Amino acid sequence: MPSKTATVFVIDVRMEMSADCLSSNASNKPLTCREVACQLVARQLQDLIINGRKGDVVSLIIVGSESADNPLAVDDQYQHVSIYNYCHEQLFCMASVDMFKFVSNGCVVGGDYGDVMDGIIVGMHVLELHCKQLQFDRRMFVCAHAGGSLESDGYEQVLHTATVMNLDFIMVGFNFPDPVSISNPHLANATFWRNFTCQIPSCTRSQPNRVLDPEEASVVLDQLRHHLTLSAPVYCGDLTFGTKEDLVIPVTCYLKTSGVKIPTSKKFSMLAEEIDSELRAQYGMDYGAVKLTKTYKYVDGNDKDSDDASESDSVDASHIHPENVIRAYRYGKAVIPFSIQDEEAAQLLTKKSIKIIGFIKSDAIPRHYYISGTMAIVPNKDVRGTDIQFTALLQAMTKANIVAIARYCRINNAKPKFGVLISTKKGYGLFIQIPYADDFRFVVAPPIDDLTLATLPKTIQSISTESKTDMLVSIETEEQHNKEKDDSSTTISHHDISDTSSTGQIRYAQEHARYREKFLARKVSPQQAFDAVDSLIDAMDISVKSAGTSFNPKHVSNPLYQRLCDCIAYRAIHPNSTDILPVNPTIKRNMEPRQELVEKAMPAIDQLRQAFTIKKVVDVEKPKKSKHVWADLAREMVKSENAEPTVRDHPADDTVASESTKASSYIGQPLSLSTHPATVKHITQRAVDTISTLDPVSEFQSMVSRSDGNYVEQAMTQMCHIVKTLIAESIGQAFYAKAFAALKALRVECVRHSNPSVYNALMRDLKTEVQSGLLSRDHGLVWKLIVDQGESLITQTESCVSLVSHREAVEFLQYPAQQPALVSRSARESNTEDLFAQMD
C-alpha cells in the first residue's frame, strides 16, 4: 500500500456556481454552490494540514478564471483553467494555511467561460508529471455545475487514462436535475457526467462510482477521511515457537487500532503579534517560537518554594550541571538515588521477537482482558514461503478454536508484553495485549440473581405474588413505626447501639427489607419482565442489519479531535476575531440516540414502565465528618466577615450585645462540633502575623495557633512590646485593663510552650521602668496593680524549665516600688513665675 497521496482538487467557479445551492442545509441564509464547494474542499485541506504528512501533496485547479496558468495552455487550448500558485517546477505542494484561507474565502468569482473537462484533463496531466513511476495514491475531487459549456470529444481517452493510473475519482454535482426532468436545459450535461463518472472504477468504495450531491459528499468525505491515516510498520522481525530458533516465521506488524493523538500546542511569544505581518512572513513560521531551557538547582530546607526562580539570576553554587543529576525513586518516605549502573542493572535483557508461549481455548480469555490497541500481523512477503506457513498457522487456530499466548518485545531490551494472537479470515492475525497480575482492578457489585423468585431467601419465596400489596403495607407500617421511634428519642448512647448491633437483628432486618423492596419493584411475572426488557433491546437495535440506524465505529469521528481542529482552522482564517466558533451539530450527531430510534422504542419503554415500579432515587445526605463541618462553618464565617456592615448609631453597644447574645445561646447546650463557639473561632480565624493594640489578645492567640509555621517566639516578642506600648500610651488608666489582659495571655502561652524566660524578663523590665525608668513618673501605679493581682514570675512549679523558685517569686512582689515625688501646686506656680522672670 503506498504511503503517499497526490490529490487534485478541481473547483468550478463559473457564473452558474453563484446560484443558490438546492441541497444547502443552511437555515438562515442559503449558500451558493461555489460556497458549498469551497467548504467541502476546505474540510479536506484542514485534515491534510492537521496530519502534516510530507507524503500528502495537493494541487488546486480553478475552472472559470480569467487566466490560464497551467502547463497545457498553448495557443487557445485549455484556457480559463488555473493552478493555484502555479509553478512549472513544482506542480504539487503540501496543503498550506494560505491555500486553506483562499478556499475558505470562496476562491474567486469566475465568468461565463471555461470547461470542467479541461480542468479534469489538466489535473490528470499534472498527476502524470508529478507521480510518474512513484508509489502514489492518485485522487481527484471535482466540484462542478451541470450548466455551462462542455466539450466531450475524446472523453474515451480520458476514461482510459483514469483507469490506467488507478485514479480515485469523486465528483460532486451541484443543481444536477433529475433524469426525468426532460425540460431542464442542463439535463444533457448532467447525464453525460453521470455516465462518465460511473465508468471510472472506484478504488476506495465498495459501491459503484457515481455523481454525489453535496449532502452525500459530506458523508462520503467523512468516511474517506480515515484513509489518510495510513499505518506504518511498528515491528519487523520473527515469530518464534518455543526455544528453538529454527522454528521462526518472518512477520510484519501494523497498528490496526490506535487512539488518535490530539494536536499538541507549542509555546508562542505574545510579543510576536505586535510585529508587522511582513516582517513575520520574512522570518517564516518559526518567528515567535519560544525555546524552553531547563536548569537544575540544589534545594535545601530554606528553598522549598524557590522553584520559580528568575532566569536573570546569576548561576551560583546551587546550580547543578545536568551531568551531575541522576534519577531517584521514592521508597516509602525515603528517596533512593539510582545511579546509571543501577539503571542498567534494573533493565531486563530481552530480545526483539514475538515468541509464542502456548495455545489456549479462545473462550478462556475474557473480553475485558484486552487492554491495548490492536496490531495486525502479516507475513513478510520478502521471504519466500512465509505466507504459506503463516496462513497454515491461522487456519489451524481457527479450526481448533484456539488462540496463541505470545510475548512481544518491540526492540531489544524493551519491556515485554504478553498478548493473544487471534486468527482471522482476512489473511492476517491480530495481536492484543493482555494484563499482568499487577494490572487487574477488582470491582465488587451485588448479584442480580436475587431479583427473581427462584433465588430469593426462603422467607421471601414462601410469599406468593398475590400478597405483594399486603407485604408493601407491612413494610410501610414498619418504616413509620421506626420513624416515630426515632423522633421520640433525640439521642441514643453508643452503648445502646453496640448492644443492639451485636445481636445482628438490625442488619438482618435491613437486608430482609432490601430483598423485599427489590422483589416488590417488579409488578409482573419474571418472564413478562424479561420480555419487556427484550422488547426494548430489539427496538433500539443498531446492529449492521438494521436499516438506517446501523452503527459503525469507522463512521464515528472523535468529537474532541474534530472540535479542536475546527477551532484551529477558524483561528487560522480569522486571527483577529473575538468570536468563538459554534459547535458543529454533526460532531454530536453520533453521540446521542437518533430521534427515529427513540420514537421507535417508545412503546417498549411504556411496557417497561408498566412492568416495574420506577421511582426517582432521592439522594440521602450522609452525615458530614468533622473536617467537613469545620469547613462549612469556616465558609459561613468568611461570608459574614466579607458582608457589608449595617450602619448603626451605637456600634459598640451592638457588638457587646451580639457577643452576649452569642454567649447566652450556647449556655446549657451540649459540647459538639457545630455548637462550640470558641473552637470554631479558633479554627476559622485569619492568619495573623502582626499584633496590634486594637485587639491584642485575640491576635496573639491566632498567631501562636497558626499551623503553617512556627510563629510562637515572634508572637511573644511582639506581645511584650504591645504590653509596654499600652502602658506608655495610656491616658491615665484607660489602657491598663487591656495591658493586664495581654500580660495574662502572654503568661498562659509562655507556660504552655515552656518558654517562661520571655515573661519573666518582661516582668523585670516593667518593675525597673516603673521604679526609675520612663514609666516611673506617669505610670507608677502600674506596679501597685500588678502586686494587687498577684502577677508574679513563672516559677518551677508552673514550668519545669523555669529557674525561678517560689520564694523568689514572692520576694519579687514584695520588693517596694519607689513612688514618684508629688509636687505641690504652689511650688509649680512659683517655678513658672521664676521662668517668666528669667525670660524678661
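The expected span of a helix is 1.5 Å times one less than its number of residues, a rule that serves for the first of these close-up views of a predicted model.

**View A. Helix α23 and the helices that cover it.** Helix α23 takes in residues 756–772, and because each residue should add 1.5 Å, its 17 residues are expected to span 24 Å, which agrees with the 25 Å that separates its end C-alpha atoms. The buried residues of this helix are P756, Y759, N760, L762, M763, L766, K767, V770 and Q771. These residues lie on the same side of α23, because the arc that they cover around the axis is only 160 degrees. Among the elements that cover these buried residues are α21 (712–728) and α22 (736–752), together with α24 (781–789) and α25 (806–814).

**View B. A closed barrel of 7 strands.** The strands of the barrel follow the order β6-β7-β13-β16-β15-β14-β12, and their pairing is mixed. From one strand to the next the twist averages 35 degrees. Within this barrel, strand β6 (residues 233–241) pairs with strand β7 (residues 248–255) in the antiparallel sense, over 7 bridges, and G237 stands opposite V251 in β7. In general, the strands of a sheet pair through backbone hydrogen bonds, in either a parallel or an antiparallel manner.

**View C. Helix α9 and the strands that it lies across.** Helix α9, made of residues 386–400, lies across β6 and β7, and also across β12 (353–361), β13 (374–379), β14 (402–409), β15 (417–423) and β16 (429–433). Helix α9 runs at about 80 degrees to β7.

**View D. The aromatic pair of F9 and F141.** The structure holds 14 aromatic pairs, and one of them joins F9 and F141, whose ring centres are 6.2 Å apart and whose planes stand at 70 degrees, so that the pair is edge-to-face. The pair links distant parts of the chain, since F9 belongs to strand β1 (residues 5–12) and F141 to strand β4 (residues 137–145), 132 residues apart. F9 counts as buried because its relative accessibility is 1%, and F141, at 1% relative accessibility, counts as buried too.

**View E. The aromatic pair of F192 and F196 in helix α5.** The rings of F192 and F196 form a stacked pair, with 6.0 Å from centre to centre and 25 degrees between the planes. Both residues lie in helix α5 (residues 187–198), 4 residues apart, which is about one turn of the helix, and both F192 and F196 are buried. F192 and F196 also belong to one aromatic cluster, together with Y155, F169 and W193.

Methods. Residues numbered from 1 in each chain as written. Predicted model: local features only at pLDDT ≥ 70, side-chain atom pairs only at ≥ 80, totals over all residues. Heavy atoms only, no water. Pairing = 2+ DSSP bridges. Helix = DSSP H or I, 4+ residues; strand = E, 2+ residues; numbered from the N terminus. Axes fitted to C-alpha atoms, helices over the stretch in contact; angles between N-to-C directions. Contact = heavy atoms within 4.5 Å. Buried < 20%, exposed > 50% of the residue type's maximum accessible area, 1.4 Å probe, protein only. Arc of directions from axis to C-beta. Phe/Tyr/Trp six-rings, centres within 6.5 Å; stacked < 30°, edge-to-face > 60°.
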